[in-house]
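Me: Please take a close look at a single part of this protein, the arrangement and surroundings of its strands. A connected account with the cut-offs stated would be most useful.

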Amino acid sequence: MEAKLLQSLHLTTWTGSDSVFPKPNNSMGLSTRFERKRRVNMLKCNLVQTVKPVTGRRASGLKVSCASQNSPASVLESETFTTEEDLVLKKKSEEIEPCLSGRCIYLVGMMGSGKTTIGQILAEVLGYSFFDSDKLIELSVGGTTVADIFKLHGEAFFRDNETEVLHKLSTMHRLVISTGGGAVVRPINWKYMHKGISVFIDVPLDALAQRLTAVGTASRPLLHHESGDAYTQTLKKLSKLWEVRSEAYSNAQVRVSLERIAAKLGHGDVCCVNPTQIAIEALIQIEDYLKK
Ligand SMILES: Nc1ncnc2c1ncn2[C@@H]1O[C@H](COP(=O)(O)OP(=O)(O)O)[C@@H](O)[C@H]1O
Ligand SMILES: O=C(O)C1=C[C@@H](OP(=O)(O)O)[C@@H](O)[C@H](O)C1
């Protein structure tokens with residue numbers, strides 16, 4: 001399926017996701033399943049010409065500790081994981097997967113909201129393939145980075161390619177797609193995304209600014225700033241984008257609010273909510289939507 005998509009995008013590069021799901025050391029069932037999927041991905045990988053992975057994301061455990069405002073987003077690189085949460089996630093995904101009938105899941109949300117991080121986890125547990133639309137755009141423009149596409153060709157050119165990628169993806173099944181933060185602004189993109197289930201990851205702007213300041217904004221041209229305090233500048237730019245886009249995000253069929261998850265879990269701060277917890281909430285909300 002991936003090969004077909006890449007061919008249709010005139011790409012020969014494998015872009016399947018690296019596994020990011022924690023490997024529980026006390027659960028043979030999970031390890032076996034993920035190991036099998038990893039092997040299948042490697043097999044597929046041999047069917048197309050491998051150039052590079054879609055992201056540099058690691059394959060081992062994900063856990064966010066209750067980080068202070070200034071902790072870098074790299075706290076995600078911790079080796080620990082919560083087996084109980086992994087099992088809840090697995091159970092939920094097994095319940096929901098048949099109800100999806102192969103429909104794709106489109107993750108939408110502001111830059112840094114965790115679409116890629118959560119998307120990889122959801123793809124892994126659902127047995128779906130993961131695609132990052134930005135990576136597909138980069139590949140379709142000969143491997144040029146998003147930042148360079150903006151610089152060399154301008155935003156309109158990037159958006160045209162984004163629409164084309166979403167169009168192609170809309171003909172596929174069993175994919176989790178991390179869309180770019182601005183994909184929601186073009187109504188035509190919704191026509192494509194509504195072929196599947198769209199999920200808005202709603203993260204407060206100050207938490208986003210915190211994360212994006214920690215990882216740097218070089219790869220996100222719309223957040224580029226020459227001078228001033230990085231956090232303040234990033235928050236300012238995010239706020240401007242939010243003013244224009246907030247309404248468009250509400251087109252998503254499902255909303256996953258980090259504030260709501262934090263409240264449910266009794267955390268005072270959304271920074272305490274880890275990607276597994278967000279993935280579980282996404283599945284719960286998708287289930288509710290499917291019941292309607
Ligand atoms: N729940 C979370 N808590 C803290 N940091 C996170 C969380 N989810 C993602 N991140 C971090 O935020 C940054 C942006 O995440 P990413 O998944 O790339 O977002 P997007 O794809 O929406 O732009 C990354 O550095 C990632 O590690
Ligand atoms: O919000 C936006 O307009 C953009 C978000 C980026 O994707 P992420 O949301 O994955 O950072 C990328 O598509 C591009 O830099 C533009």
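Reply: Helices (H or I, at least four residues) and strands (E, at least two) are taken as DSSP runs, numbered from the N terminus. On this basis the protein has five strands, together with 12 helices. The model is predicted, so that local features need pLDDT of at least 70 and side-chain atom pairs count only at pLDDT 80 or more, while totals for chains, interfaces and linings use all residues. Residues are numbered from 1 along each chain as its sequence is written, and chains are lettered from A and ligands numbered from 1 in the order in which they are written.

The five strands form one open sheet, in which the order is 2-3-1-4-5 and the pairing is parallel (two strands pair if DSSP finds at least two bridges between them). Strand 2 (129-132) and strand 5 (254-257) are the edge strands, each of them pairing on one side only. On average, and with direction ignored, neighbouring strands of the sheet are turned by 20° against each other (angles run from 0 to 180 degrees between N-to-C directions, and axes are lines fitted to C-alpha atoms, for helices over the stretch in contact).

Strand 1 is a convenient place from which to read the sheet. In the order 2-3-1-4-5, strand 1 stands between strand 3 and strand 4. With strand 3 (residues 175-178), strand 1 (residues 105-108) pairs in the parallel sense over three bridges. I105 stands opposite V176 of strand 3, and L107 has S178 as its bridge partner in that strand. Towards strand 4, the parallel pairing of strand 1 is made by four bridges. Here the bridge partner of L107 is V199. L107 thus has a bridge partner in strand 3, namely S178, and another in strand 4, namely V199.

The side chains of strand 1 may be considered next. I105 and L107 point one way from the strand, whereas Y106 and V108 point the other way, and all are buried (buried means 20 or more other C-beta atoms, placed from the backbone, within 10 Å of a residue's own; exposed means 12 or fewer; partly exposed lies in between). In the protein as a whole, 41% of the 292 residues are buried.

A helix also belongs to this picture. Helix 4 (residues 115-126) packs on the sheet and touches strand 1, strand 2, strand 3 and strand 4 (197-202) (contact requires C-beta atoms, placed from the backbone, within 7 Å). The direction of helix 4 makes about 175° with that of strand 3. For the whole protein, contacts between residues at least 6 apart in sequence join residues at least 24 apart in 75% of cases.

The loops that lead into strand 1 and strand 3 each hold a residue with a notable backbone angle. S101 is placed in the loop between helix 3 (83-100) and strand 1. Although S101 is not a glycine, its phi is positive, at about 50°. S101 has 9 other C-beta atoms within 10 Å and is therefore exposed. R174 occupies the loop between helix 7 and strand 3. R174, likewise not a glycine, has a positive phi of about 55°. R174 counts as partly exposed because it has 18 C-beta neighbours inside 10 Å.

From R174 the account can be followed back into helix 7. F158 is placed in this helix, and the C-alpha atoms of F158 and R174, which are 16 residues apart along the chain, are separated by 25 Å. F158 is buried because 21 other C-beta atoms lie within 10 Å. Leaving aside residues up to four places away in sequence, F158 touches I137, V146, I149, F150 and H153. Helix 6 (residues 146-153) packs with helix 7 (residues 155-169) at an angle of about 125°, their axes being 7 Å apart. Helix 6 contributes V146, I149, F150 and H153 to this contact, and helix 7 contributes E155, F157 and F158.

At the other end of the order 2-3-1-4-5 is strand 5, which covers 254-257. Helix 11 comprises residues 258-265 and includes A263. A263 is partly exposed because 13 C-beta neighbours lie inside 10 Å. The C-alpha atoms of A263 and V273 are 9.9 Å apart, with their positions 10 residues apart along the chain counted from one to the other.

Terms used:
Contact = placed C-beta atoms within 7 Å.
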